[in-house]
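Please walk through this structure with me, taking the two chains in turn and then the place where they touch.

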Amino acid sequence: MSAFHTTPADHAKGGKSKKKRKGKGDEPDPRIINLKSSMPRAVPAPLRFARNRALRHWTIHRAWLLFQRKEREREAHELERMYQSMHNAAEELRQTSGPGTREEGFLYRVAMEKKGVYGHNAVPIEYARPQTETPAREPWNHGWTR
Amino acid sequence: MSSCRRVARPLAQSLRQERLLQSSTTHFARSFSRSASRQDEVTTTTPPPSSTTPPPISSTTSIDQLEAAATKPRMQERLLDPDTTTAHWAERKLIRMGTPPVGSRRRRAAIRSSENVPFEQLPYQAFQEARKVLQEDREQKVRAIATELAKIKRLEDTPADQVPGGERKKNLRLASLRKHVQELKILADINDPVVKRKFEDGFGDMNKPIYRHLAEKKWRGMPCRLITQRISQLAIVPDVLPKFEPVADVQLFFRRIKVEPGEMIDSRVSEVPPRLKVQVFNAGERLVSVVVMDSDVPNAETDSFERRCHYLAANVPIGPDQPSLPLGKVDKETQLAVPWLPAFSQKGAPYHRLSVFILEQKPGETMDIAKLRELYSGRDGFSLKSYRDKFGLNPVGFNIFRTIWDEGTAGVMERAGVPGVDVEFKFKRVYSLKGEKKARGWEAKRSKPKYRGLWKYSRNIHGMNRKR
């Protein structure tokens, strides 16, 4: 028995504790009490406001909703803007040639490389999955035999 | 100082301090609505622009000034105001005069000792911050409306052959721009607490799009659902019109009694022509035609039901701000085609559905009343569908009540000069086509002579008659 055990010795024994369980009706299980106290089920009282106070409450509520909507829209707009600007940059790279004698689109390919993104010496996840956007030049080798 | 005044004093003091603070800084607490800020203020049709000075505050003076300046008769006069009185004798006198004091004495004391701060200037921080946010949004919306209106103006001024897409595209574009402006107008005002308060009090100006929008939203709640349910469950849609979707609110009153849609009405109540309250939710005045028809007139010869016109009027002007339409008070020469015939139902007939239809006429067209009289003064065999098709009408509003034979119907029919008071409809007895069955069961078996010994048990069973 551990030293932290606080149950009285006679209750800790098997036979006695069984008897205790049977006579449990007088007070509810402490686990239930715990649950009940931590998860109150009673519905909170409704807000009862007089006219002016209800209107003020409504005004504040509407302003809060409006603020949230504006925030959402602003964030979405910002994301869209960033995406567009990345897209434009990539397009610009794709159409430029160089540096030096490199052909058109070299910089784009380099920029799109994902070396190290998936870990050291790892393979991009796209290559481990069937590719749809970059199909092979010959989709199916019909002449293949074992 | 009475107890109620003592209670109200700290509130009054704090309010007064706040006022001083505010007025010393700036009048930032300006209403962003263009309507009157309080219901007791007078509403002008052309309100001043929002850059002018705020409306005058503190029409009632505070307690201290009041006590200092009060001469005896002025004080008495003041105490006879039902909104602010706290004196017992004044209350009793007001009750005797028929204008009882408003609210509790505590409330009245609070009102009296407060400076009459307009609602939108109440010094609550969250409220004022919220108002700032909403005000800013409203300004944005107003600016958007201005730019959209400029766009519309520009598009209207360019001839159609210079617009890409031609005349059709131009019209489409104009329509969608106008719709957008309407939406913006609603959005600009939808967050205004003053607008909400005015609408709830029923003081909303229905010529303004925001109040029409709020009214429509309210109608689309329960009343519209109720009416559409009545249309389907009382089978108005296949019986009277093949297709119908109401878009206007129609309320029906007989004298002072409001009729719920589909209610059974006593025939003495529906003897007089009803009063309609038609609330349309789109702008502009228009002419409507009103039809009341009975779609359950029993016909014994053909063993079926027919229809009858109880009332027909046309060219009745209706607008969003003039909803009242008393059917008894339409113009006899230019509007009334078929006068009111009281709703009645003969004895034994099932209930009659009397439906009230509001049909919108084509814009800018008046109907020929003489022709209507000639066509429909016979009343019987009226078909709403053919009426609608003949004159190009659009049914917008609907209400219905039902009537059945009751103790007053005979008198009503007599006064209206309708024959057939003594007619009673009866269902023909339909006999079963099956042959008779022999009696079966324990008792039937035991009542045969074979079981004569058991008759003393089986004879007096309830429901079996075997008297010998």
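Is B:Arg379 buried, partly exposed or exposed? B:Arg379 is partly exposed, because 17 other C-beta atoms lie within 10 Å, where a residue with 20 or more such neighbours would be buried, one with 12 or fewer exposed, and one in between partly exposed, the C-beta atoms being placed from the backbone. This is a predicted model, in which local features need pLDDT of at least 70 and side-chain atom pairs count only at pLDDT 80 or more, while totals for chains, interfaces and linings use all residues. Residues are numbered from 1 along each chain as its sequence is written, and chains are lettered from A and ligands numbered from 1 in the order in which they are written.

B:Arg379 is found in the loop between helix 12 (369-376) and helix 13 of chain B, helices being DSSP runs of H or I with at least four residues and strands runs of E with at least two, numbered from the N terminus. Most residues other than glycine have a negative phi. The phi of B:Arg379, however, is positive, near 70 degrees, and B:Asp303, which is not a glycine either, has a positive phi of about 55 degrees. B:Asp303 sits in the loop between strand 5 and strand 6 of chain B and is exposed, with 8 other C-beta atoms within 10 Å.

The two strands that flank that loop, strand 5 (residues 286-299) and strand 6 (residues 304-318) of chain B, run antiparallel and are joined by eleven bridges; two strands count as paired if DSSP finds at least two bridges between them. Within this pairing, B:Val291 has B:Leu312 of strand 6 as its bridge partner. Both strands belong to an open sheet of six strands in chain B, with the order 3-10-9-5-6-8 and mixed pairing. Strand 3 (263-264) and strand 8 (336-338) of chain B stand at the edges with a single partner strand each, so one side of each has no neighbour in the sheet. Helix 13 (residues 384-391) of chain B lies across strand 5, strand 9 (352-360) and strand 10 (394-403), running at about 155 degrees to strand 5; such angles run from 0 to 180 degrees between N-to-C directions, with axes fitted to C-alpha atoms, for helices over the stretch in contact.

Chain B also has an open sheet of four strands, in the order 2-1-4-7 and with antiparallel pairing. Its edge strands are strand 2 (257-259) and strand 7 (324-326) of chain B, each of which pairs on one side only. In this sheet, strand 1 (residues 249-254) and strand 4 (residues 275-279) of chain B pair over five bridges, and B:Asp249 is partnered by B:Gln279 of strand 4.

Chain A, by comparison, comes to five helices and zero strands, and buried residues make up 3% of its 146 residues. An unreviewed UniProt entry annotates residues 69-96 of chain A as a "coiled-coil region", although such annotations may be inferred rather than shown by experiment. Over that stretch of chain A the chain is 96% helix, and the end C-alpha atoms are 41 Å apart.

Where the chains meet, 13 residues of chain B are in contact with ten residues of chain A, contact meaning that the C-beta atoms, placed from the backbone, lie within 7 Å. Helix 6 (125-157) and helix 8 (193-201) of chain B each supply at least two residues of the side that touches chain A, and helix 6 gives the most, with seven residues.

Terms used
Two residues are in contact if their C-beta atoms, placed from the backbone, lie within 7 Å.
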